[in-house]
Amino acid sequence: MNRLYFPLCLSLFSGAVYAAPPALEEVLVTGELRQVNQLTLANSVSVISADAIAQRNAKNLEDILNVAPNVNFSTGASRGRFIQIRGIGERSQFESPMNPSVGVIVDGIDFTGLATGVATLDTAQVEIFRGPQGTLYGANALAGMINVTGNGAADATEGRINVGAGNYGSYDVSAMVNAPLAENVGWRLAAQRNVSDGYIENAYLGRDDTNNIDELNLRNLLRFDISSTLSLSLTSYYIDIDNGYDAFSLDNNRKTLSDEPGHDRQETHAHALKADYTGLSFADVTGLLSYANSQTEYGYDEDWSYRDICSIDSDCAYYQYSTTDNYLRDNNNLTIDLRLLSKPQEQGVRWAMGLYHRDQTVDLLRTYVNNDPDGDPYLPVATPEISSYSSDYQTENTAVYGQLDIPVGDRLTLITGARLERFTADFSDSQKEQFAPEDNLWGGKIAIEYQAANNHFVYALVSRGYKVLGFSPDPDLNAADKTFDTETMRNYELGWKAHWNNTLQLSTAVFYQERSDIQIKQSRSYQIDNTTQFVDLIDNAPGGENYGLETELRWYATDALSIVGTLALLETGYDTYLNCSHVDSDLASDSCYDMSQRPQAHAPKTQYFVAANYRLPASLMFRLEVEGKDSFYFSESHNEQSDAYTLLNARAEYALGATTLALWIKNITDETVETRGFYFSHDYGNDPRNGYAPEPYTQKGAPRTMGASISYEF
């Protein structure tokens with residue numbers, strides 16, 4: 001098992017106290033063409049181990065993102081489904097198809113855009129690659145890639161049971177069993193149920209569970225060792241999420257007034273068949289076939305209130321509205337990846353080549369309900385006015401890629417990788433809009449690695465990534481606003497990785513990213529049917545830059561004390577770009593907002609994480625974490641920012657044989673964390689009680705939470 005954070009915990013679980021001085025273990029990165037030591041990989045990569053996941057009591061991918069430098073996320077849903085790396089990434093999705101910037105792969109299955117369903121169930125490690133991964137992953141990895149790998153099937157019978165409970169009505173139950181079914185057949189099954197009432201009180205309905213969490217995840221793994229040269233593995237997932245979504249309040253707190261709280265649901269059936277063949281004399285063969293079907297449903301109360309929020313004798317009478325919006329998507333994703341890799345024992349030039357194909361269809365049904373079509377909220381509820389919208393979107397990505405690792409002397413290696421990709425799409429909707437974009441794309445990298453003496457490794461990397469072109473299908477948009485171009489990025493990176501006496505490891509990278517044709521999501525107001533409506537579209541800014549620093553440290557300070565820490569610095573900006581959708585634009589005078597005046601959205605300038613584990617005799621361990629982020633802009637459409645924050649978390653564990661008891665508390669000081677923000681315009685807010693005065697609204701992250709858990713391994 002590879003471990004980045006706190007391998008010390010294993011000795012605690014086994015009951016050993018102050019045994020031999022601990023040593024940092026080798027961490028292998030699996031998301032590359034070949035497994036490679038994290039300290040000899042020419043890329044900025046975080047590896048979060050199963051131990052680190054358990055130490056944070058993390059149940060979902062969003063729970064561990066703050067551990068990695070220059071990684072952020074936005075909610076606008078029940079979880080942080082939308083991820084940004086180095087300030088690049090989407091923040092929401094409504095009617096239009098989405099072009100992801102951050103890819104998410106789970107056991108070889110493409111979960112890009114579906115991160116709500118990525119649990120930590122039986123996870124071996126999570127790898128977060130920063131910067132474009134243009135050789136291996138192509139169009140969906142402009143900003144980076146998150147690769148989640150589950151535990152493999154072991155040869156021995158073993159298992160684990162974990163039960164936890166906490167405040168806000170939360171509890172979780174998980175179990176794993178591993179058993180060989182035959183001499184050459186391994187089997188592993190894991191399940192997890194995660195429940196919480198959420199942190200919202202709905203004052204109108206008198207409920208405290210309208211923003212709840214209700215998630216079930218199952219993972220099944222079969223491994224077949226067909227022969228000494230051929231092995232197969234079949235991994236399957238079943239995900240059933242029925243979360244509530246009632247997060248925004250007119251009073252900008254955790255007390256909502258919605259009469260029709262929303263939901264954030266997902267049901268996924270996913271499978272991945274992987275084959276490894278080593279019987280050829282000149283190369284090894286790896287093939288991966290994966291399929292995932294996900295039914296997602298995302299809906300919300302658009303007015304965040306109830307029909308008669310304004311009494312009939314009030315100043316705001318008849319100004320309120322009552323509508324709901326619902327998005328039902330059927331997402332099917334098929335990928336095939338076939339690779340040839342030179343033999344691992346081969347000296348001299350090492351090579352790899354591969355073929356990739358991805359076929360995805362997304363069918364959308366949007367249902368918009370106006371509960372007061374007659375405009376009189378004081379009459380009994382009339383027949384709602386229901387309008388529907390549907391679209392069919394199919395994309396295909398076909399690529400060929402390859403990489404050469406060329407030794408140049410004893411300590412110097414030149415790495416070149418390239419990918420050629422063909423993208424085609426076919427879109428049609430119920431409003432007679434049709435699009436069929438296509439493009440030929442290329443990406444890749446050139447890296448120079450130098451393995452210096454004394455366990456120092458330095459590298460220089462130039463890589464290129466891309467994000468495909470697309471369209472905004474709303475028929476009310478002007479023709480020129482309906483399409484946007486492919487975004488490209490060149491990434492320049494210098495890195496240094498080192499370790500000393502197997503007790504201290506340090507990884508540092510500085511990077512500069514040059515972006516062209518940046519895809520920016522906009523929300524522009526239009527007069528439609530004598531009412532002001534906001535229409536989403538994506539525009540291209542000519543260019544911009546993202547640059548900064550990422551540092552990670554692991555340190556056994558003493559036999560009893562271990563420390564890990566990360567630090568991220570980030571600067572972002574646009575070249576001259578006049579944003580006519582910005583609230584500070586003055587369309588009457590044809591004056592648009594100059595985006596070169598401010599950073600990009602969801603790109604905090606600083607981010608940090610420090611955790612210390614201290615073990616005592618009698619198998620006791622204490623852990624203290626500090627994590628924080630600078631403020632960041634919520635959107636390119638306005639200048640509202642989140643508040644900076646620092647969180648303090650703590651955990652205590654006691655191991656008694658195979659049983660481990662734990663107490664934990666997060667956000668001890670109950671700081672307010674903002675994960676998504678809106679500011680509709682200078683003219684319109686969302687509260688009829690103040691005449692729809694413009695004002696910001698933010699979704700709040702978790703307040704102070706605490707709980708206990710017990711686990712048993714056999």
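# A friendly tour of cavities, charges and rings

Arg86 counts as buried, because its relative accessibility is 0% (buried means under 20% relative accessible area, exposed over 50% and partly exposed in between, with a 1.4 Å probe and protein chains only). The model you are looking at is predicted, so local features need pLDDT of at least 70 and side-chain atom pairs count only at pLDDT 80 or more, while totals for chains, interfaces and linings use all residues. Residues are numbered from 1 along each chain as its sequence is written, and side-chain values use heavy atoms, with hydrogens and water left out.

**Salt bridges around Glu550**

- The whole structure holds 39 salt bridges (each is a side-chain nitrogen of Lys or Arg within 4 Å of a carboxyl oxygen of Asp or Glu).
- Arg86 and Glu550 form one of these salt bridges, with a distance of 2.8 Å from N to O.
- Glu550 belongs to strand β30 (residues 531–556) and Arg86 to the loop between β5 (82–85) and β6 (102–106), so this pair ties together parts that are 464 residues apart in sequence. Strands here are DSSP runs (E, at least two residues), as helices are (H or I, at least four), and they are numbered from the N terminus.
- Like its partner, Glu550 needs a look at its surroundings: Glu550 is buried, with a relative accessible area of 2%.
- Glu550 also has a salt bridge with Arg130, where the closest N and O atoms are 3.3 Å apart.
- That second pair links distant parts of the chain, with Arg130 in strand β8 (residues 123–130) and Glu550 in strand β30, 420 residues apart.
- Arg130 is buried as well, with a relative accessible area of 1%.

**Another salt bridge, and a network**

- The side chains of Asp155 and Arg223 form a salt bridge of 3.2 Å, N to O.
- Asp155 sits in the loop between β9 (144–150) and β10 (158–166), and Arg223 in strand β14 (residues 213–225), so to speak distant parts of the chain, 68 residues apart.
- Asp155 is exposed, with a relative accessible area of 62%.
- Shared partners join the salt bridges of Asp107, Asp122, Glu158, Arg160, Arg188 and Arg219 into one network.

**A buried asparagine**

- Asn613 lies in strand β34 (residues 606–616), and Asn613 is buried at a relative accessible area of 0%.
- The side chains of Asn613 and Arg623 are joined by a polar contact of 3.3 Å (a pair of N or O atoms within 3.5 Å; within protein, one must be able to donate a hydrogen and the other to accept it, and residues adjacent in sequence count only if both atoms are side-chain atoms).

**Aromatic rings**

- There are 26 aromatic pairs in the structure (rings of Phe, Tyr and Trp, the last by its six-membered ring, pair if their centres lie within 6.5 Å; planes under 30 degrees apart count as stacked, over 60 as edge-to-face and the rest as tilted).
- Phe111 and Tyr237 make an edge-to-face pair, because their ring centres are 6.5 Å apart and their planes stand at 75°.
- This pair links Phe111, in the loop between β7 (109–110) and β8, with Tyr237 in strand β15 (residues 230–245), 126 residues along the chain.
- Phe111 is buried at 2% relative accessibility, and Tyr237 is buried at 10%.
- Phe248 and Phe678 make a tilted pair, because their ring centres are 5.0 Å apart and their planes are at 45°.
- Phe248 is in the loop between β15 and β16 (255–256) and Phe678 in strand β38 (residues 674–678), 430 residues apart; both are buried.
- Ring pairs also link Phe94, Tyr245, Tyr298, Tyr300 and Tyr327 into a cluster.

**Cavities**

- The structure has 11 cavities of 30 Å³ or more (on a 1 Å grid over the protein atoms alone, a cavity is a set of points where a 1.4 Å probe fits but cannot get out, and lining residues have an atom within 4 Å of a point).
- The largest cavity has a volume of about 1,000 Å³ (the space filled by probe spheres set on the points, which are joined across faces, edges and corners).
- Its lining has 49 residues, and Glu62, Asp63, Arg79, Tyr199 and Ala702 lie nearest the centre of this largest cavity.
- The second largest cavity has a volume of about 130 Å³, and its 14 lining residues include Pro132, Gln133, Gly134, Thr135 and Lys445, which lie nearest its centre.

Conventions:
1 Å grid on protein atoms, 1.4 Å probe; cavity = no way out; pocket = protein on both sides within 12 Å on 5 of 7 lines; lining within 4 Å.
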